[in-house]
Amino acid sequence: MGRIFINYRRQDSEGYVGRLYDHLVQQFGVDDIFMDVDSIAPGADFVQVLEDAVASCDVFLAMIGPQWATIEDGNGERRLHQWNDFVRLEIASALKQQKWVIPVLVGQAQMPSPDMLPDDLQAFVRRNAIELSHQRFGHDVEKLIRAIKEAMPANSSIKTRMDTETQRLKADQLKAVRDDLVRATDSPLYAYRTENRYFPVLGEGNPDANILFIGEAPGSREVEQGRPFIGPSGDVLDEMMQSIGLDRDDVYLTNIVLDRTPDNRSPNREELAFYAPFQDRIVDIIRPAVIATLGRFAMEYLLKKLDLPEKRGKISQLHGKLIQATMPYGPIHVLPLYHPAVVLYSASQKDTLRRDFEKLKLFI
Ligand code: URA
(Lines give C-alpha, C1' and ligand atoms only; values in the text may rest on other atoms or scores of the structure.)
Protein backbone atom coordinates (compact mmCIF):
# COMPACT_ATOMS: atom_id res chain seq x y z
CA MET A 1 0.00 0.00 0.00
CA GLY A 2 1.23 3.50 -0.71
CA ARG A 3 1.22 6.70 1.24
CA ILE A 4 -1.37 9.41 1.81
CA PHE A 5 -0.52 13.07 2.22
CA ILE A 6 -3.10 15.33 3.96
CA ASN A 7 -2.83 18.99 3.00
CA TYR A 8 -4.90 21.36 5.12
CA ARG A 9 -5.14 24.85 6.55
CA ARG A 10 -5.49 24.77 10.30
CA GLN A 11 -7.97 27.64 10.68
CA ASP A 12 -10.12 26.27 7.93
CA SER A 13 -10.52 22.54 8.44
CA GLU A 14 -8.78 21.50 11.63
CA GLY A 15 -11.84 19.93 13.32
CA TYR A 16 -12.36 17.62 10.39
CA VAL A 17 -8.73 16.74 9.79
CA GLY A 18 -8.24 15.15 13.22
CA ARG A 19 -11.29 12.93 12.78
CA LEU A 20 -10.30 11.98 9.26
CA TYR A 21 -6.74 11.22 10.37
CA ASP A 22 -8.01 8.80 13.06
CA HIS A 23 -10.13 6.91 10.52
CA LEU A 24 -7.31 6.72 7.97
CA VAL A 25 -4.82 5.48 10.56
CA GLN A 26 -7.19 2.65 11.47
CA GLN A 27 -7.46 1.69 7.84
CA PHE A 28 -3.92 2.24 6.54
CA GLY A 29 -1.58 2.43 9.55
CA VAL A 30 0.11 5.42 11.09
CA ASP A 31 3.25 5.25 8.96
CA ASP A 32 1.35 5.69 5.74
CA ILE A 33 -0.37 8.96 6.64
CA PHE A 34 1.66 12.08 6.25
CA MET A 35 0.21 15.27 7.65
CA ASP A 36 2.71 17.86 8.76
CA VAL A 37 6.13 18.39 7.29
CA ASP A 38 8.57 18.04 10.19
CA SER A 39 10.46 21.10 11.28
CA ILE A 40 12.45 22.62 8.45
CA ALA A 41 16.10 23.18 9.33
CA PRO A 42 17.45 26.74 9.26
CA GLY A 43 19.01 27.37 5.85
CA ALA A 44 17.02 24.58 4.15
CA ASP A 45 15.15 25.37 0.93
CA PHE A 46 11.61 24.95 2.23
CA VAL A 47 10.09 24.72 -1.26
CA GLN A 48 12.38 21.77 -1.95
CA VAL A 49 11.55 20.21 1.45
CA LEU A 50 7.81 20.38 0.68
CA GLU A 51 8.36 19.00 -2.85
CA ASP A 52 10.28 16.07 -1.44
CA ALA A 53 7.55 15.35 1.11
CA VAL A 54 4.90 15.37 -1.61
CA ALA A 55 7.10 13.23 -3.87
CA SER A 56 6.88 10.24 -1.55
CA CYS A 57 3.06 10.05 -1.49
CA ASP A 58 0.75 8.17 -3.80
CA VAL A 59 -2.50 9.96 -2.94
CA PHE A 60 -2.77 13.62 -1.99
CA LEU A 61 -5.84 14.84 -0.06
CA ALA A 62 -6.46 18.60 -0.18
CA MET A 63 -8.88 19.58 2.60
CA ILE A 64 -11.10 22.47 1.54
CA GLY A 65 -13.08 24.30 4.24
CA PRO A 66 -15.42 27.26 3.78
CA GLN A 67 -12.63 29.86 4.01
CA TRP A 68 -10.00 27.93 2.11
CA ALA A 69 -9.69 30.36 -0.79
CA THR A 70 -10.35 33.57 1.07
CA ILE A 71 -8.36 33.49 4.33
CA GLU A 72 -6.17 36.59 4.56
CA ASP A 73 -3.01 37.43 6.43
CA GLY A 74 -2.60 40.46 8.74
CA ASN A 75 -2.09 42.76 5.71
CA GLY A 76 -5.36 41.77 4.07
CA GLU A 77 -3.62 39.64 1.41
CA ARG A 78 -5.11 36.29 0.44
CA ARG A 79 -2.83 33.57 1.79
CA LEU A 80 -3.50 31.26 -1.12
CA HIS A 81 -2.06 33.87 -3.50
CA GLN A 82 1.19 34.27 -1.64
CA TRP A 83 4.19 32.57 -3.23
CA ASN A 84 5.34 31.08 0.06
CA ASP A 85 2.00 29.73 1.31
CA PHE A 86 2.59 26.08 2.31
CA VAL A 87 -0.92 24.95 1.33
CA ARG A 88 -0.47 26.41 -2.15
CA LEU A 89 3.11 25.11 -2.55
CA GLU A 90 2.12 21.56 -1.60
CA ILE A 91 -0.90 21.42 -3.92
CA ALA A 92 1.04 22.99 -6.79
CA SER A 93 3.80 20.46 -6.24
CA ALA A 94 1.33 17.53 -6.19
CA LEU A 95 -0.22 18.72 -9.45
CA LYS A 96 3.18 19.24 -11.06
CA GLN A 97 4.28 15.77 -9.98
CA GLN A 98 1.03 14.31 -11.35
CA LYS A 99 -0.04 12.88 -8.04
CA TRP A 100 -3.56 11.59 -7.54
CA VAL A 101 -5.09 14.70 -5.94
CA ILE A 102 -8.50 14.43 -4.23
CA PRO A 103 -10.14 17.65 -3.01
CA VAL A 104 -12.01 16.88 0.24
CA LEU A 105 -14.79 19.37 0.94
CA VAL A 106 -15.67 19.96 4.60
CA GLY A 107 -17.93 22.42 6.50
CA GLN A 108 -20.23 22.66 3.48
CA ALA A 109 -17.49 24.22 1.37
CA GLN A 110 -17.80 24.31 -2.41
CA MET A 111 -15.05 23.73 -4.95
CA PRO A 112 -13.43 27.08 -5.74
CA SER A 113 -13.83 28.55 -9.22
CA PRO A 114 -10.68 29.06 -11.36
CA ASP A 115 -10.77 32.85 -10.98
CA MET A 116 -10.21 32.43 -7.22
CA LEU A 117 -6.98 30.51 -7.71
CA PRO A 118 -3.40 31.43 -8.62
CA ASP A 119 -2.06 30.13 -11.95
CA ASP A 120 -0.25 27.12 -10.52
CA LEU A 121 -3.48 25.80 -8.95
CA GLN A 122 -5.73 26.14 -12.01
CA ALA A 123 -5.64 22.42 -12.77
CA PHE A 124 -6.93 21.76 -9.25
CA VAL A 125 -10.53 22.73 -10.11
CA ARG A 126 -10.75 19.85 -12.59
CA ARG A 127 -10.17 17.25 -9.86
CA ASN A 128 -13.32 15.50 -8.74
CA ALA A 129 -14.06 16.27 -5.07
CA ILE A 130 -15.50 14.20 -2.23
CA GLU A 131 -17.56 15.79 0.56
CA LEU A 132 -17.30 14.93 4.26
CA SER A 133 -20.24 16.07 6.37
CA HIS A 134 -20.43 15.96 10.18
CA GLN A 135 -23.76 14.13 10.11
CA ARG A 136 -22.66 11.33 7.80
CA PHE A 137 -18.97 11.38 8.65
CA GLY A 138 -18.44 7.61 8.94
CA HIS A 139 -20.28 6.90 5.73
CA ASP A 140 -18.48 9.70 3.82
CA VAL A 141 -15.08 8.56 5.07
CA GLU A 142 -15.84 5.02 3.87
CA LYS A 143 -16.42 6.47 0.43
CA LEU A 144 -13.18 8.41 0.60
CA ILE A 145 -11.25 5.30 1.70
CA ARG A 146 -12.65 3.40 -1.29
CA ALA A 147 -11.50 6.23 -3.57
CA ILE A 148 -8.05 6.21 -1.98
CA LYS A 149 -7.70 2.45 -2.40
CA GLU A 150 -8.71 2.67 -6.03
CA ALA A 151 -6.17 5.42 -6.59
CA MET A 152 -3.29 3.58 -4.95
CA PRO A 153 -1.12 2.07 -7.63
CA ALA A 154 -1.41 -1.70 -7.20
CA ASN A 155 2.32 -1.83 -7.60
CA SER A 156 3.15 1.18 -5.44
CA SER A 157 6.90 0.92 -5.18
CA ILE A 158 6.93 1.64 -1.44
CA LYS A 159 6.60 -1.72 0.24
CA THR A 160 5.29 -1.70 3.77
CA ARG A 161 5.02 -5.30 4.76
CA MET A 162 7.80 -7.84 5.18
CA ASP A 163 6.78 -10.73 3.01
CA THR A 164 9.08 -13.59 3.92
CA GLU A 165 8.08 -15.67 0.90
CA THR A 166 9.04 -12.79 -1.42
CA GLN A 167 12.27 -12.30 0.47
CA ARG A 168 13.18 -15.95 0.05
CA LEU A 169 12.42 -15.89 -3.65
CA LYS A 170 14.46 -12.73 -4.18
CA ALA A 171 17.36 -14.10 -2.11
CA ASP A 172 17.45 -17.13 -4.44
CA GLN A 173 17.45 -14.85 -7.49
CA LEU A 174 20.31 -12.81 -6.04
CA LYS A 175 22.22 -15.99 -5.36
CA ALA A 176 21.92 -16.90 -9.03
CA VAL A 177 23.42 -13.50 -9.93
CA ARG A 178 26.24 -14.13 -7.49
CA ASP A 179 26.93 -17.54 -9.02
CA ASP A 180 27.22 -15.88 -12.45
CA LEU A 181 29.54 -13.28 -10.96
CA VAL A 182 31.80 -15.92 -9.43
CA ARG A 183 32.09 -17.59 -12.85
CA ALA A 184 32.59 -14.34 -14.76
CA THR A 185 35.97 -15.27 -16.24
CA ASP A 186 35.61 -12.53 -18.89
CA SER A 187 35.58 -9.80 -16.24
CA PRO A 188 38.48 -7.33 -16.61
CA LEU A 189 39.06 -7.86 -12.87
CA TYR A 190 38.79 -11.68 -12.85
CA ALA A 191 42.54 -12.34 -13.02
CA TYR A 192 43.24 -9.79 -10.29
CA ARG A 193 40.53 -11.38 -8.11
CA THR A 194 41.76 -14.95 -8.51
CA GLU A 195 45.49 -14.17 -8.25
CA ASN A 196 44.83 -12.52 -4.90
CA ARG A 197 42.23 -15.06 -3.78
CA TYR A 198 39.70 -12.29 -3.33
CA PHE A 199 35.94 -12.77 -3.22
CA PRO A 200 33.62 -10.87 -5.54
CA VAL A 201 31.12 -8.79 -3.54
CA LEU A 202 27.58 -8.92 -4.84
CA GLY A 203 25.84 -7.19 -1.97
CA GLU A 204 24.11 -7.71 1.34
CA GLY A 205 20.90 -6.88 3.17
CA ASN A 206 17.16 -7.22 2.70
CA PRO A 207 16.51 -8.60 -0.80
CA ASP A 208 13.08 -6.91 -0.76
CA ALA A 209 14.28 -3.54 0.56
CA ASN A 210 12.70 -0.19 -0.26
CA ILE A 211 16.12 1.44 -0.13
CA LEU A 212 19.03 0.29 -2.28
CA PHE A 213 22.47 1.84 -1.78
CA ILE A 214 24.95 1.57 -4.65
CA GLY A 215 28.57 2.42 -3.81
CA GLU A 216 31.70 2.38 -5.97
CA ALA A 217 33.67 -0.87 -5.59
CA PRO A 218 34.65 -3.15 -2.70
CA GLY A 219 37.90 -2.36 -0.90
CA SER A 220 40.46 -4.71 0.63
CA ARG A 221 38.45 -5.67 3.73
CA GLU A 222 35.36 -6.22 1.63
CA VAL A 223 36.99 -8.64 -0.82
CA GLU A 224 38.64 -10.61 1.98
CA GLN A 225 35.20 -11.36 3.45
CA GLY A 226 32.96 -10.98 0.41
CA ARG A 227 30.78 -8.35 2.14
CA PRO A 228 30.18 -4.73 1.12
CA PHE A 229 31.03 -1.68 3.22
CA ILE A 230 32.78 -3.31 6.18
CA GLY A 231 35.84 -1.03 6.15
CA PRO A 232 36.13 2.62 7.25
CA SER A 233 33.59 3.85 4.67
CA GLY A 234 31.20 1.24 6.01
CA ASP A 235 31.56 2.69 9.51
CA VAL A 236 30.50 6.09 8.18
CA LEU A 237 27.64 4.51 6.28
CA ASP A 238 26.45 2.67 9.41
CA GLU A 239 26.55 5.91 11.39
CA MET A 240 24.53 7.74 8.75
CA MET A 241 21.97 4.95 8.58
CA GLN A 242 21.65 4.87 12.35
CA SER A 243 21.05 8.64 12.39
CA ILE A 244 17.77 8.00 10.57
CA GLY A 245 16.90 4.79 12.40
CA LEU A 246 17.98 2.38 9.68
CA ASP A 247 19.74 -0.93 10.14
CA ARG A 248 21.72 -2.87 7.56
CA ASP A 249 18.89 -5.42 7.55
CA ASP A 250 16.43 -2.77 6.38
CA VAL A 251 18.30 -1.92 3.18
CA TYR A 252 20.35 -3.57 0.46
CA LEU A 253 23.98 -2.52 -0.10
CA THR A 254 25.87 -3.11 -3.31
CA ASN A 255 28.44 -1.44 -5.58
CA ILE A 256 28.56 -0.36 -9.20
CA VAL A 257 31.68 -2.51 -9.68
CA LEU A 258 31.56 -5.86 -7.89
CA ASP A 259 35.28 -6.70 -7.66
CA ARG A 260 38.14 -4.81 -6.13
CA THR A 261 40.13 -2.59 -8.49
CA PRO A 262 43.97 -2.69 -8.18
CA ASP A 263 45.02 -0.34 -5.36
CA ASN A 264 41.41 0.79 -5.05
CA ARG A 265 41.79 3.05 -8.08
CA SER A 266 38.63 4.52 -9.63
CA PRO A 267 36.81 2.06 -11.88
CA ASN A 268 37.46 2.55 -15.58
CA ARG A 269 35.00 2.55 -18.46
CA GLU A 270 35.54 -1.09 -19.35
CA GLU A 271 34.91 -2.23 -15.76
CA LEU A 272 31.82 -0.09 -15.41
CA ALA A 273 30.43 -1.49 -18.66
CA PHE A 274 31.18 -5.07 -17.64
CA TYR A 275 29.36 -4.91 -14.30
CA ALA A 276 26.39 -2.83 -15.52
CA PRO A 277 24.24 -5.85 -16.49
CA PHE A 278 24.84 -7.37 -13.04
CA GLN A 279 23.73 -4.11 -11.48
CA ASP A 280 20.59 -4.01 -13.62
CA ARG A 281 19.69 -7.53 -12.53
CA ILE A 282 20.15 -6.61 -8.86
CA VAL A 283 17.87 -3.58 -9.21
CA ASP A 284 15.25 -5.57 -11.05
CA ILE A 285 15.19 -8.25 -8.36
CA ILE A 286 15.03 -5.90 -5.39
CA ARG A 287 12.74 -3.33 -7.04
CA PRO A 288 13.47 -0.60 -4.49
CA ALA A 289 11.41 2.58 -4.10
CA VAL A 290 14.58 4.65 -3.92
CA ILE A 291 18.13 4.09 -5.10
CA ALA A 292 20.66 6.07 -3.10
CA THR A 293 23.89 6.32 -5.07
CA LEU A 294 27.06 6.75 -3.04
CA GLY A 295 29.62 8.72 -5.00
CA ARG A 296 29.80 9.90 -8.56
CA PHE A 297 30.27 6.61 -10.42
CA ALA A 298 26.99 5.03 -9.33
CA MET A 299 25.19 8.37 -9.76
CA GLU A 300 26.45 8.90 -13.31
CA TYR A 301 25.64 5.34 -14.31
CA LEU A 302 22.07 5.51 -13.07
CA LEU A 303 21.19 9.00 -14.30
CA LYS A 304 22.51 8.12 -17.77
CA LYS A 305 20.83 4.74 -17.85
CA LEU A 306 17.50 6.32 -16.91
CA ASP A 307 18.19 9.15 -19.37
CA LEU A 308 17.21 11.76 -16.79
CA PRO A 309 17.55 15.51 -17.44
CA GLU A 310 20.09 15.62 -14.59
CA LYS A 311 22.40 13.12 -16.35
CA ARG A 312 25.13 15.70 -17.01
CA GLY A 313 24.90 17.21 -13.52
CA LYS A 314 27.74 17.18 -11.06
CA ILE A 315 27.45 15.47 -7.70
CA SER A 316 28.16 18.80 -6.01
CA GLN A 317 24.88 20.12 -7.51
CA LEU A 318 22.77 16.98 -7.27
CA HIS A 319 23.62 15.51 -3.86
CA GLY A 320 20.58 15.35 -1.58
CA LYS A 321 18.08 15.97 -4.39
CA LEU A 322 15.32 13.41 -4.82
CA ILE A 323 14.98 12.78 -8.52
CA GLN A 324 11.86 11.09 -9.90
CA ALA A 325 12.34 8.32 -12.41
CA THR A 326 10.54 5.36 -13.88
CA MET A 327 11.77 1.79 -13.93
CA PRO A 328 10.06 -0.94 -15.96
CA TYR A 329 8.50 -2.11 -12.66
CA GLY A 330 7.16 1.33 -11.63
CA PRO A 331 8.00 4.81 -10.33
CA ILE A 332 11.11 5.26 -8.21
CA HIS A 333 13.35 8.00 -6.89
CA VAL A 334 17.08 8.38 -7.22
CA LEU A 335 18.92 10.13 -4.41
CA PRO A 336 22.52 11.06 -5.24
CA LEU A 337 24.69 11.13 -2.12
CA TYR A 338 28.35 11.81 -1.57
CA HIS A 339 30.43 8.70 -1.02
CA PRO A 340 30.88 8.06 2.75
CA ALA A 341 34.65 8.15 2.18
CA VAL A 342 34.43 11.95 1.72
CA VAL A 343 33.85 12.19 5.47
CA LEU A 344 37.15 10.37 6.04
CA TYR A 345 38.98 13.10 4.11
CA SER A 346 36.86 16.09 5.05
CA ALA A 347 35.05 15.97 8.39
CA SER A 348 33.02 19.06 7.51
CA GLN A 349 31.17 17.01 4.90
CA LYS A 350 29.62 14.89 7.61
CA ASP A 351 26.80 17.36 8.26
CA THR A 352 26.04 17.56 4.56
CA LEU A 353 25.90 13.80 4.28
CA ARG A 354 23.74 13.53 7.38
CA ARG A 355 21.32 16.16 6.04
CA ASP A 356 21.11 14.37 2.70
CA PHE A 357 20.44 11.05 4.43
CA GLU A 358 17.37 12.63 6.07
CA LYS A 359 15.67 12.44 2.67
CA LEU A 360 15.59 8.66 2.99
CA LYS A 361 13.20 8.92 5.94
CA LEU A 362 10.45 9.34 3.38
CA PHE A 363 10.97 5.72 2.33
CA ILE A 364 11.23 4.01 5.69
N1 URA B 1 33.28 -0.47 0.43
C2 URA B 1 32.36 -0.78 -0.50
O3 URA B 1 31.78 -1.87 -0.47
N4 URA B 1 32.10 0.09 -1.46
C5 URA B 1 32.69 1.27 -1.54
O6 URA B 1 32.35 2.05 -2.43
C7 URA B 1 33.66 1.59 -0.56
C8 URA B 1 33.94 0.70 0.42
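How many residues lie between β10 and β11 in their hairpin? The answer is 2 residues. Keep in mind that this is a predicted model.

Let me stay with that hairpin. Strand β10 covers residues 323-327, and β11 covers residues 330-337. The two strands run antiparallel, and 5 bridges join them. Two of the facing pairs are worth finding on the screen. Ile 323 has Val 334 as its bridge partner in β11. Gln 324 stands opposite His 333.

Now look at the side chains along β10. Ile 323, Ala 325 and Met 327 point to one face, and they are buried. Gln 324 and Thr 326 point to the other face, and they are not buried. That fits a general pattern: in a regular strand, side chains alternate between the two faces of the sheet.

Across in β11 sits Pro 336. Is Pro 336 buried or exposed? Pro 336 counts as buried because its relative accessible area is 0%, and the cut-off is under 20%. Leaving out residues up to four places away in sequence, Pro 336 touches Thr 293, Met 299, Leu 318, His 319, Gly 320, Lys 321 and Ile 323. So Ile 323 of β10 turns up again, this time as a contact of Pro 336. For a sense of scale, take Pro 114. The C-alpha atoms of Pro 336 and Pro 114 are separated by 38 Å, and the two residues are 222 apart along the chain.

Next, the sheet around the hairpin. It is an open sheet of 6 strands with mixed pairing. The order is β6-β8-β7-β9-β11-β10. Which strands stand at the edges? They are β6, residues 204-205, and β10. Each has a single partner strand, so one side of each has no neighbour in the sheet.

Move to β8, residues 252-255, and pick out Thr 254. Thr 254 counts as buried because its relative accessibility is 0%. What does its side chain reach? It reaches the backbone oxygen of Leu 202, at 2.6 Å. The contacts of Thr 254, not counting residues up to four places away in sequence, include Leu 202, Gly 203, Phe 213, Phe 229 and Ile 282.

On to charges. The structure holds 25 salt bridges. I will show a few.

Start with Arg 248 and Glu 204. Their side chains meet in a salt bridge at 3.7 Å, N to O. This pair links distant parts of the chain, 44 residues apart. Arg 248 is in the loop between α8 and β8, and Glu 204 is in strand β6. Arg 248 counts as buried, at 18% relative accessibility. Glu 204 is partly exposed, at 22%. Shared partners join Glu 204, Arg 227, Asp 238 and Arg 248 into one salt-bridge network.

Compare Arg 183 and Asp 180. Their side chains meet at 3.2 Å, N to O. Arg 183 counts as exposed, at 55% relative accessibility. Asp 180 is partly exposed, at 29%.

Then Glu 51 and Lys 96. Their closest N and O atoms are 2.8 Å apart. Glu 51 is in helix α2 and Lys 96 is in helix α3, 45 residues apart. Lys 96 counts as exposed, at 58%.

Now the domains. The protein is divided into domain 1, residues 4-155, and domain 2, residues 164-363. Their C-alpha centres lie 36 Å apart. The contact takes 7 residues from each of the two domains. About 660 Å² is buried between them, and carbon and sulfur atoms give 53% of that area.

How many salt bridges are counted between domain 1 and domain 2? The count is 1 salt bridge. Look at Lys 359 and Asp 52: their side chains meet in a salt bridge at 3.0 Å, N to O. The count of residue pairs in polar contact between the domains is 2. Helix α2, residues 46-55, gives the most to the domain 1 side of this contact, with 3 residues.

Last stop, strands β3 and β4. They run parallel, joined by 6 bridges. Ile 64 stands opposite Leu 105 in β4. In β4, 6 of the 7 residues are buried, so the strand is largely enclosed by the rest of the structure.

How values were computed. Residues are numbered from 1 along each chain as its sequence is written. This is a predicted model: local features need pLDDT of at least 70, side-chain atom pairs count only at pLDDT 80 or more; totals for chains, interfaces and linings use all residues. Side-chain values use heavy atoms; hydrogens and water are left out. Buried means under 20% relative accessible area, exposed over 50%, partly exposed in between (1.4 Å probe, protein chains only). Helices (H or I, at least four residues) and strands (E, at least two) are DSSP runs, numbered from the N terminus. Two strands pair if DSSP finds at least two bridges between them. Domain bounds come from an automatic or database domain assignment. Contact means heavy atoms within 4.5 Å. Buried area is the accessible area (1.4 Å probe) that two parts lose on being put together, summed over both. A salt bridge is a side-chain nitrogen of Lys or Arg within 4 Å of a carboxyl oxygen of Asp or Glu. A polar contact is a pair of N or O atoms within 3.5 Å; within protein, one must be able to donate a hydrogen and the other to accept it, and residues adjacent in sequence count only if both atoms are side-chain atoms.
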